[in-house]
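Okay, thanks for making room for me on the agenda. I'd like to walk through one model with you, so have a look at the screen.

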Amino acid sequence: MLMTYTSPELPIAARSVEQVDLPVGSRHLKPDGESGEERNNTFELQFSRSRRLLYFIARRILNCVQEAEEAVKNCRLKASRNPPGFSSEGAFKSWLVRILIDEATLLRRKQDNSTASSKHLPEHLSEGR
């Protein structure tokens, strides 16, 4: 018997993610035959549909609103440099989530390193006195 664990918060969060109903043809990224501007517009549309999901994941990883926003911003910048031509929206979202997890992990490591380095300072310096 296969048992899986899901967070009790996940169904609540999943309901808050907007589903946009578009014609089937506009749900796909088209790698060939599009100009750079069309490709950028398609990327922005796909990314905007994924933004709330990405933010939710970043908040769960980082536990900080500002760092979650920074992780989503970094994800968008990294993804927009070379957007792939996926044939489905699900593959695109999976690709974005992977980039976001990498960005959030980097921010988390920076956060952990700064916390660890402040622990090694004398007490009067780490408290800002």
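Let me start with a quick one: is Leu-53 buried, partly exposed or exposed? It's partly exposed, with a relative accessible area of 26%. Leu-53 is a residue of helix H2, and its C-alpha is 8.5 Å from that of Val-97, with their places 44 residues apart in sequence. Keep in mind that this is a predicted model.

Right, the overall picture. We have five helices and zero strands, so going from the N terminus the order is simply α-α-α-α-α. The chain has 129 residues, and 25% of them are buried. Accessible surface comes to about 9,100 Å², with carbon and sulfur atoms taking 54% of that. As for contacts, take those with a separation of 6 or more: 62% of them are between residues 24 or more positions apart.

Now the pair I spent time on, H2 and H3. H2 covers residues 36–62 and H3 covers residues 65–81. Their axes come within 9 Å and cross at roughly 140°, and the crossing is right-handed. Who's in the contact? On the H2 side you'll find, among them, Phe-43, Phe-47, Leu-54, Tyr-55 and Leu-62. Facing them from H3 are residues including Val-65, Ala-68, Ala-71, Val-72 and Cys-75. Sort the whole contact by class and you get twelve nonpolar, one polar and six charged residues. The charged ones include Glu-44, Arg-51 and Arg-59 from H2, and Glu-67, Glu-69 and Arg-76 from H3.

Between those two helices there's a loop, and Asn-63 is in it. Which sign does phi have at Asn-63? Positive, about 55°, although this residue is not a glycine. As background, most residues other than glycine have a negative phi. Asn-63 is also exposed, at 62% relative accessible area.

On to the core. The largest nonpolar core has 18 residues. The ones with the most contacts inside it are Phe-47, Leu-54, Ala-71, Cys-75, Leu-96 and Leu-100. H2, H3 and H4 are the elements that give two or more residues to it, and H4 gives the most, with seven. The general background here is that in soluble globular proteins, nonpolar side chains tend to be buried together.

Two of those core residues are worth zooming in on. Leaving out anything up to four places away in sequence, Phe-47 touches Leu-54, Val-72, Cys-75, Arg-76, Phe-92 and Leu-96. Then there's Leu-96, over in H4. How accessible is Leu-96, as a relative area? It comes out at 0%, so Leu-96 is buried. With the same sequence neighbours left out, Leu-96 touches Phe-47, Ser-50, Leu-54, Cys-75 and Ala-79. Its C-alpha is 7.1 Å from that of Cys-75, which is 21 residues away along the chain.

Staying in H4, which spans residues 89–119, let me point out two more positions. Lys-93 is one of its residues. Buried or exposed, what would you say for Lys-93? Relative accessibility is 17%, and the cut-off for buried is under 20%, so Lys-93 counts as buried. Apart from neighbours within four places in sequence, Lys-93 is in contact with Arg-49 and Ser-50.

The other one is Leu-106, also in H4. Leu-106 is partly exposed, at 42% relative accessible area. Its C-alpha lies 9.0 Å from that of Ala-71, and the two are 35 residues apart along the chain.

So, if you want to take a few views away with you: the right-handed crossing of H2 and H3, the 18-residue nonpolar core, and Lys-93, which counts as buried. That's what I had, and I'm happy to rotate things around if anyone wants another look.

Terms used:
Residues are numbered from 1 along each chain as its sequence is written. This is a predicted model: local features need pLDDT of at least 70, side-chain atom pairs count only at pLDDT 80 or more; totals for chains, interfaces and linings use all residues. Side-chain values use heavy atoms; hydrogens and water are left out. Helices (H or I, at least four residues) and strands (E, at least two) are DSSP runs, numbered from the N terminus. Buried means under 20% relative accessible area, exposed over 50%, partly exposed in between (1.4 Å probe, protein chains only). Contact means heavy atoms within 4.5 Å. Accessible areas come from the Shrake-Rupley method with a 1.4 Å probe; for residues, only the protein chains shown count as cover. Axes are lines fitted to C-alpha atoms, for helices over the stretch in contact, and angles run from 0 to 180 degrees between N-to-C directions. A crossing is left-handed if the near helix is turned anticlockwise from the far one by less than a right angle, and right-handed if clockwise. A nonpolar core is a set of buried Ala, Val, Leu, Ile, Met, Phe, Trp, Tyr and Cys residues joined through side-chain atoms within 4.5 Å.
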